[in-house]
Amino acid sequence: MNLRRIAQASFLLSICSLALAQNLADRSSNERWQQRANYYMEVEMDVESNQFFGEQKIDYTNNSPDELNQVFYHLYFNAFQPGSMMDVRSRTIADPDRRVRDRISKLGEDEIGYQKITSLKQNGTDVKYEVVGTVLEVQLNQPIKPGETVTFDMVWNGQVPLQIRRSGRDNREGIRYSMAQWFPKMAEYDYQGWHADEYIGREFYGVWGDYELKLTIDKDYVVGGTGYLQNPQEIGHGYEDEGQTVNQKVVNGKLTWHFVAPDVHDFMWAADPDYLHNKLTMKNGIVLHFLHQKGQNEENWEKLRPLTEMSFEYANEYFGQYPYKQFSVIQGGDGGMEYPMSTLITGQRGSLLGVTIHESMHDWYHGVLGSNEALHPWMDEGFTSYASSRISAHIRYETTDAEKPETTMENIGSRSGQGGYLNSAKSGREEALSTHSDHYEYNGIYSAAAYGKGAVWMSQLGYVIGEEARDKGLLEYFNQWKFKHPNPNDVLRVFEEVSGLELDWYNEYFVYTTKQIDYAVGEVVGEGEKTNITLNKVGKMPMPVDVVITYKDGTKEVHYMALRMMRGEKPAETNDKRIVHEDWPWTNPTYNFSIDRPISEVASVVIDPSGRMADIDKENNKWAAEKLENKK
Ligand SMILES: [Zn+2]
């Protein structure tokens with residue numbers, strides 16, 4: 001766009017953005033179907049043998065346009081057996097997870113995990129099935145027609161593995177049971193077909209449904225997890241309302257806990273006889289539960305409670321309203337891991353707050369949006385990392401006297417995720433973000449992609465479309481796509497809509513390739529009263545360019561070149577004078593522009609001083625008069 005058209009265009013733009021705000025299309029309602037699996041489970045735990053008996057009924061509704069002749073269940077616990085794919089993967093990958101390494105290969109008979117199916121019926125009739133590693137393959141007697149609901153009744157026995165990764169018994173902090181991925185779970189079938197991924201230790205994808213669990217366990221155990229307890233007066237253990245009389249119904253030394261969880265795609269529980277249990281009711285009525293080991297790091301757990309509320313308040317405002325009535329922060333597992341309405345975290349750490357913010361923020365991207373995070377881990381880990389870095393910064397300001405500085409081109413937005421991503425990009429081992437999480441060559445490269453580059457996708461988008469549109473899009477994305485499994489195109493389309501810009505190129509380069517961004521300030525040459533500036537596109541990925549020119553009298557100007565293929569430009573983000581130049585066609589390796597002041601008055605020319613653009617070489621982003629003078 002040329003200079004003459006700017007005034008007119010920005011007026012038009014503001015009208016356009018008004019119109020957009022009033023009439024955002026909601027593609028999620030008419031472009032996507034999804035299956036539904038409602039679970040009813042009764043489970044009895046034997047805390048001596050660490051084995052349990054389970055009965056499960058799933059009402060499964062086929063909302064797809066396809067007739068299904070088979071279904072698949074995940075049997076995650078079978079991964080914890082010597083020779084499993086998870087075991088082999090961990091022993092052969094160059095940089096194994098230190099928690100796993102060769103530990104699975106050394107598990108004894110009473111330490112392995114398993115799910116042994118003893119019976120499976122479809123609408124009351126036995127069906128043929130085969131256990132293949134961590135997947136149960138079921139050949140149906142009768143196909144499930146589009147729109148039909150069938151019932152699967154299963155009886156199974158399970159053994160809880162010694163804690164290796166995520167789930168298990170007796171973790172290193174002495175928590176008896178971290179029960180994640182513990183029940184036979186229907187695999188998801190979506191517009192891409194079945195996703196019966198083998199469990200080798202990474203990400204998850206599940207079918208939404210209503211869950212009901214009756215869990216019978218030794219009466220001394222305190223239980224926490226996904227779901228609302230329906231019988232607190234028969235349980236106690238801190239679940240009863242204040243002043244409520246508890247009438248424990250102990251049968252054979254055990255209590256039966258009755259949980260329900262609406263609209264979740266997984267169900268985790270944890271249990272330990274020494275859990276301290278505290279509750280905090282937020283101003284909006286959401287109840288936060290904290291369960292942790294008596295006598296360990298108690299002071300920090302106490303401090304954590306009000307800060308978790310602060311985190312939820314910020315998340316509700318900026319990332320979408322948390323839709324459940326409860327969230328539980330539970331000591332267990334082997335690090336930090338997210339589950340619907342809950343998290344398992346190790347409890348003796350100094351970083352209790354950081355891990356709680358991250359894992360609870362997953363409830364937005366993993367729990368409620370529920371993208372296929374095995375296939376698009378960056379849409380979960382990346383967006384979660386981005387959001388948690390903002391929450392952490394917010395809490396830092398709220399809990400100290402530090403004044404929030406005025407927004408400038410130097411400090412606007414965040415660089416969330418850049419450190420990890422840039423290291424990986426420079427390592428030469430980077431793989432595209434579109435890689436399935438299980439199939440990266442290196443664990444470290446996977447993390448840099450999913451957490452780092454995924455967070456950059458979101459923080460850098462603030463640079464591309466402006467922080468305001470990005471923030472608006474974050475809320476719009478959540479509201480349009482909650483409970484609908486959005487994919488990379490779905491999220492991008494929301495940001496196209498809120499910004500009015502064409503962004504297909506952003507995913508095409510940043511998600512599907514490893515092409516890198518590198519812009520440089522080239523020549524800065526005086527020509528009488530003018531100064532001519534050349535910018536170079538050194539990297540292969542094109543981006544719009546913010547250039548800030550600082551003059552020796554202290555004044556600043558923002559010069560902006562949109563990419564031509566964006567079909568528009570982002571609004572000004574600060575009150576600095578901004579000059580919008582003709583847009584930059586991606587084919588052109590250089591860009592020349594002039595300013596109407598002599599070079600003697602120019603102090604510096606800097607590309608993206610905010611650093612939000614994940615430029616692989618920031619050294620060449622700056623030209624400074626001072627440097628030249630020093631050289632003379
Ligand atoms: Zn995470």
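Which residues coordinate the zinc ion? Select the zinc ion and see what surrounds it: H358 (NE2), H362 (NE2) and E381 (OE) coordinate the metal at 2.0 to 2.1 Å. Keep in mind as you click around that this is a predicted model.

Now trace those donors along the chain. Their spacing reads H-x3-H-x18-E. Colour helix α6 (residues 352-369), where H358 sits, and then helix α7 (residues 377-399), home of E381; the pair therefore ties together parts that lie 23 residues apart in sequence.

Next, switch on the surface around these two donors. H358 has a relative accessible area of 13%, which is under the 20% cut-off, so this histidine counts as buried. E381 is buried as well, with a relative accessibility of 2%.

Leave the zinc site and select R176. You'll find this arginine in the loop that runs between β9 (168-169) and β10 (177-179). Is R176 buried or exposed? Buried: its relative accessibility is 16%. Show side chains here and look for Y221, whose side chain makes a polar contact of 3.0 Å with the side chain of R176. Then bring up the other neighbours: leaving out residues up to four places away in sequence, R176 touches V47, N50, G168, R169, D170, A271, D272 and P273, along with Y221.

Last stop: colour by pLDDT. The chain average is 94, and 94% of the residues score at least 70. Now select residues 1-22, where pLDDT stays under 50 and the model has 15 contacts beyond four places in sequence. Don't read too much into that stretch: where pLDDT is low, predicted coordinates should not be read in detail.

Note on methods:
Residues are numbered from 1 along each chain as its sequence is written. This is a predicted model: local features need pLDDT of at least 70, side-chain atom pairs count only at pLDDT 80 or more; totals for chains, interfaces and linings use all residues. Side-chain values use heavy atoms; hydrogens and water are left out. Donors are N, O and S atoms within 2.8 Å of the metal (3.2 Å for Na, K and Ca); water is not among the atoms, so sites may look incomplete. Helices (H or I, at least four residues) and strands (E, at least two) are DSSP runs, numbered from the N terminus. Buried means under 20% relative accessible area, exposed over 50%, partly exposed in between (1.4 Å probe, protein chains only). A polar contact is a pair of N or O atoms within 3.5 Å; within protein, one must be able to donate a hydrogen and the other to accept it, and residues adjacent in sequence count only if both atoms are side-chain atoms. Contact means heavy atoms within 4.5 Å. pLDDT is the predictor's confidence in each residue, from 0 to 100.
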